[in-house]
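Let's take a quick tour of a protein model, going from its overall build to its charged side chains. Keep the picture open as you read.

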Amino acid sequence: MTTNRTFTMIKPDAVANGYTGKIIDDIITAGFKIKAMKYIHLTKAQAEGFYAVHAERSFFGELVSFMCSGPIVAAILEKDNAVEDFRKLIGATNPANAEEGTIRKKYAKSIEANAVHGSDSDENAAIEGNYYFSDIERF
Ligand code: CMP
């Protein structure tokens with residue numbers, strides 16, 4: 001079943017480089033509605049918890065310290081076919097492989113500092129959204 005929600009983070013590189021507003025504008029222009037949003041600086045434990053699925057990967061330590069290196073913006077987004085459409089909007093994980101016009105092509109520098117996160121399935125969208133937002137913070 002396809003749900004109509006996905007989860008995103010604008011990562012520390014994009015926030016530090018002043019791209020927050022441009023990325024939010026791209027997201028809204030693409031037809032997504034923002035259902036919840038917060039600006040936060042993750043602790044190491046929070047970043048480790050969010051990326052626990054990657055704990056065995058060689059890049060896990062670097063990924064966690066990068067995600068704690070500055071503030072991020074976390075958001076729940078709504079649109080028909082949200083997960084798939086958002087992944088198209090942001091482009092490939094490695095910006096070197098991202099198509100022209102995608103958020104990562106425009107704003108990302110490397111596979112680690114890749115500007116944004118987007119959930120890869122409906123199931124993970126729900127898990128990731130719940131990681132950052134309680135019911136009372138959504139509508
Ligand atoms: P994201 O979509 O947030 O999910 C996991 C993240 O791990 C991914 O984006 C990348 O930023 C990061 N990542 C994936 N592969 C590598 C890699 N080889 N080296 C460093 N970071 C990586």
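## The overall build

The protein chain has 7 helices and 4 strands. Both are DSSP runs numbered from the N terminus, with at least four residues (H or I) for a helix and at least two (E) for a strand. Starting at the N terminus, you meet them in the order β-α-α-β-α-α-β-α-α-β-α.

A note on the ground rules: this is a predicted model, where local features need pLDDT of at least 70 and side-chain atom pairs count only at pLDDT 80 or more, while totals for chains, interfaces and linings use all residues. Residues are numbered from 1 along each chain as its sequence is written, and side-chain values use heavy atoms, leaving out hydrogens and water.

## Size and packing

Put a box around the C-alpha atoms along the principal axes and you get roughly 35 × 35 × 25 Å. Of the 139 residues, 45% are buried; that means under 20% relative accessible area, while exposed means over 50% and partly exposed is in between (1.4 Å probe, protein chains only).

How do the contacts spread along the sequence? Take the contacts (heavy atoms within 4.5 Å) between residues at least 6 apart in sequence: 76% of them join residues at least 24 apart.

## Charged pairs

Side chains of opposite charge can pair when their charged atoms come close. This structure has 7 salt bridges, each one a side-chain nitrogen of Lys or Arg within 4 Å of a carboxyl oxygen of Asp or Glu.

One of them joins Asp-26 and Lys-106, at 2.8 Å from N to O. Asp-26 sits in helix α2 (residues 20–29) and Lys-106 in helix α6 (residues 103–107), so this pair ties together parts that are 80 residues apart in sequence. Asp-26 is buried, at 16% relative accessible area, whereas Lys-106 is partly exposed, at 41%.

## Pairs within a helix and beyond

Now look at helix α5 (residues 82–90), which holds both Lys-88 and Glu-84, 4 residues apart, or about one turn of the helix. Their closest N and O atoms are 3.6 Å apart, making a salt bridge. Lys-88 is exposed, with 56% relative accessible area, and Glu-84 is partly exposed, with 43%.

Asp-85 and Lys-79 also meet in a salt bridge, with 2.6 Å from N to O; Lys-79 is partly exposed, at 22%. Finally, Arg-5, Lys-35 and Glu-78 are linked in a network of salt bridges.
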